[in-house]
Amino acid sequence: MILQALTRYYQRLQEQGATGIAPFGYSPEKISYEILLAPDGHLLQVNDLRDTSSKKPRPRLVEVPQAEKRTAGIKANFLWDKTSYVLGTSATSKRAAAEHQAFKDFHEQALAGTTDPGLLALLAFLRQWRPTDFQPPHFSAEMLDANLVFRLDGERRFLHERAAAQALRARLLGGEDDPPGSPAICLVTGEIQPLARLHPPIKGVRGAQSSGAALVSFNLDAFTSYGKSQGDNAPVSAQAAFAYTTVLNHLLRPGEHNRQCLLIGDTSVVFWAEAADAGHAEAAEALFADLLDPPPDDASEAERVRHILEGVAKGRPLTEIAPDLAPDTRLFVLGLAPNASRLSVRFWQVDTLEVLTRRLAQHEQDLRLEPRPWRTEPAARRLVLATVPQREGTPPKADDAIKNLIGELVRAMLSGGLYPRSLLANTVMRIRADGQVSGLRAALCKGVLTRERRLGIHPSEEELPVSLDPHSTQPGYLLGRLFATLEYVQKSALGGQVNATIRDRYYGAASATPASIFPVLLRNTQNHLSKLRKDRPGQAVNLEKDIGDIVAGLPDQFPRSLRIEDQGRFAIGYYHQAQAHYTKRAADNETATPTDTAAEGDPA
């Protein structure tokens, strides 16, 4: 299904003449220099093809004959390659002489009998070139290991673009020199075609090998069956293998303007739309990118995303909210993660734009808290970062996130299914470890518990409130509120003299084993209240009343321990009560300090 969808997308892009989608047998590669040849093969000059628009020159993408898949062997590319192959010189390769000889032998065989002047010039150049000729004025050390192409003097096209070269390339692909494999039924197209023994590499997945990784690969006897080898175990034709890898490389292309690829933790998420109209497909892709990864610096776009999510959540048709969208546009979403020299599929989701939008709107509703702990809707990558340790002065790193959690979280967002239970456990564990009860973490706890209740896992339990609920009787939620109130009493009494609040010292124990901590905290709070009665008696009376109201809703004895679900409710109750205190204090005093908010550390 995945390969078929990718192949269809390749064919559609080919028909549209999309940039960067090479025809069969070709691929865009990073080329830095061209060698200009005289008709007799003499070197005339070497031209720099790199893009110099930025501070550091960057190689230019040029459509060349598809690169050979190299593992440990030596294989030469057709009419282009890096300096170790083309010139026999390298700064890193210890087998440059063997690679250069392979390049010469391959072209002597492939170009045998040609009468094309450009190809004859290349043969003459290779016959007379010596690696010791790599020296100024034509060559410099910075050229080592860069990719090179050839051009005949007096022409604007490269050698590989000449008609004779393309005909030779077609003959090589046709199997006269190196047949790709015996014909069989292709799993992708259903046609009888020569099979691909090795599939082209896929580049651009973060964390995978820079030379590319494989989505379909068999390289050990343990991976084969019935005496078949390599690609015969998953019969995909050479053309289909080229199509799906080419379009995946296109989707994974680097660049800030590529909004079809998002990085969430270690997972590279690529997506594309299928619609009768190209404009509808582009609009669907743009909206989906903004829903999954809202732009943090574009206020108007963020407001548009919020408007769509709120409208869909209220049951309004998508066409009524955004008339430029086609709700029946099909979206394909693929999550890829590195796995040694291969790629693993984290998730694969296919649905219409309207279905996916409604699911993401439901995701936003499940996580919703008031007051809202974010200015823009939380991107999936930010949710992943909320599950990793928060170290003072150091931003959280996606590499610290649990790998399986990333794929399961995004799959739940797109499918509308249960969030992974490990999301709740991991979030609670992180809060207990570093004491940071950010709004994003509280929202994750609420999302997991709300969705489980809505989908019938715990239907009898009390519904989790979006904002502060003074009437809740749920012990975990009440204990979280009580803990936030006791902390607020401490801050109010001691002001800026607090080196470490009770949250810093006791949050983990209070949320897991309340009976062992809360009696001690309540006794200490009496000291803080005594100080407040002298300085601000009115505030002391109000806080005593708040504590009494919360304690009145609790059982006669504090619970000895709280389940993981109740620890999640504890975090939500803490967040709600802490924000209520902060809001009240901010209203009373315009100069509230940043430490007064439980959402400190949340990304904007």
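Start by selecting Pro371, which sits in the loop between α10 and α11 (380-385). You're looking at a predicted model, so treat each stop as a feature of that model. Check the bond leading into this proline: the peptide link from Glu370 to Pro371 is cis, with omega near 0 degrees. As background, most peptide bonds are trans.

There's another cis bond to visit. Jump to Pro136 and Pro137: the peptide bond from the one to the other is cis too, and here omega is near 10 degrees. Pro137 belongs to the loop between α4 (117-128) and β6.

Stay in that loop and pick Asp145, which also lies between α4 and β6. Its phi is near 70 degrees, a positive value in a residue that isn't glycine. Is Asp145 buried or partly exposed? With a relative accessible area of 26%, Asp145 is partly exposed.

Now hop to Leu79, in the loop between β4 (60-65) and β5. Leu79 has a positive phi as well, near 70 degrees, and again the residue is something other than glycine. For context, most residues other than glycine have a negative phi. Leu79 comes out at 1% relative accessibility, so it counts as buried.

**Strand β6 and its partners**

Select residues 147-152 next: that's strand β6, and six of its six residues are buried. Colour the two faces separately if you like. On one side you have Asn147, Val149 and Arg151, on the other Leu148, Phe150 and Leu152, and all of them are buried, which leaves both faces covered.

Which strands pair with β6? Add β2 (residues 33-37) to the view: β2 runs parallel to β6, and five bridges join them. Leu37 is a handy marker here, standing opposite Leu152 of β6. Then bring in β5 (residues 80-82), which pairs with β6 in the antiparallel sense over three bridges. In that pairing, Asp81 has Leu148 as its bridge partner in β6.

**The nonpolar cores**

Time to switch on side chains. The largest nonpolar core has 88 residues, and the ones with the most contacts inside it are Phe288, Leu292, Leu414, Phe483 and Phe518. Helix α15 (residues 475-494) supplies the largest share of this core, with 10 residues. Apart from that core lies another of 37 residues, including Tyr9, Val205, Ala208 and Trp272. In general, nonpolar side chains in soluble globular proteins tend to be buried together.

Centre on Leu414 for a closer look. What does Leu414 touch, leaving aside neighbours within four places in sequence? The contacts are Phe288, Leu292, Val333, Phe347, Gln349, Leu356, Arg359 and Leu360. Two of those names, Phe288 and Leu292, are also on the list of residues with the most contacts inside the largest core.

While you have α15 in mind, select Lys491, which lies in that helix. Its relative accessible area is 14%, so this lysine counts as buried. If you want a distance to check in the viewer, Lys491 and His528 are 8.9 Å apart, C-alpha to C-alpha, with their positions 37 residues apart in sequence.

**The cavities**

Next, turn to the empty space inside. There are five cavities of 30 Å³ or more. Head for the second largest, which has a volume of about 70 Å³. To show its lining, select Leu291, Leu309, Leu360, His363, Glu364, Glu377, Pro378 and Met413. What kinds of residue make up this lining? They divide into five nonpolar, one polar and two charged. Helix α10 (residues 353-367) gives the most to the lining, with three residues. Leu360 should look familiar: you met it among the contacts of Leu414, and here it lines the cavity.

**Last stop**

Finish at Ser93, in the loop between α2 (83-86) and α3 (96-110). Buried or partly exposed? Ser93 has 22% relative accessibility, so it counts as partly exposed; the cut-off for buried is under 20%. Setting aside neighbours within four places in sequence, Ser93 is in contact with Ser84 and Glu99. For one more distance, draw a line from Ser93 to Arg342: the two are 249 residues apart in sequence and 24 Å apart in space, C-alpha to C-alpha.

Technical notes: Residues numbered from 1 in each chain as written. Predicted model: local features only at pLDDT ≥ 70, side-chain atom pairs only at ≥ 80, totals over all residues. Heavy atoms only, no water. Buried < 20%, exposed > 50% of the residue type's maximum accessible area, 1.4 Å probe, protein only. Helix = DSSP H or I, 4+ residues; strand = E, 2+ residues; numbered from the N terminus. Pairing = 2+ DSSP bridges. Core = buried A, V, L, I, M, F, W, Y, C linked by side-chain atoms within 4.5 Å. Contact = heavy atoms within 4.5 Å. 1 Å grid on protein atoms, 1.4 Å probe; cavity = no way out; pocket = protein on both sides within 12 Å on 5 of 7 lines; lining within 4 Å. Points joined across faces, edges and corners; volume = space filled by probe spheres on them. Nonpolar A, V, L, I, M, F, W, Y, C, P; charged D, E, K, R; others polar.
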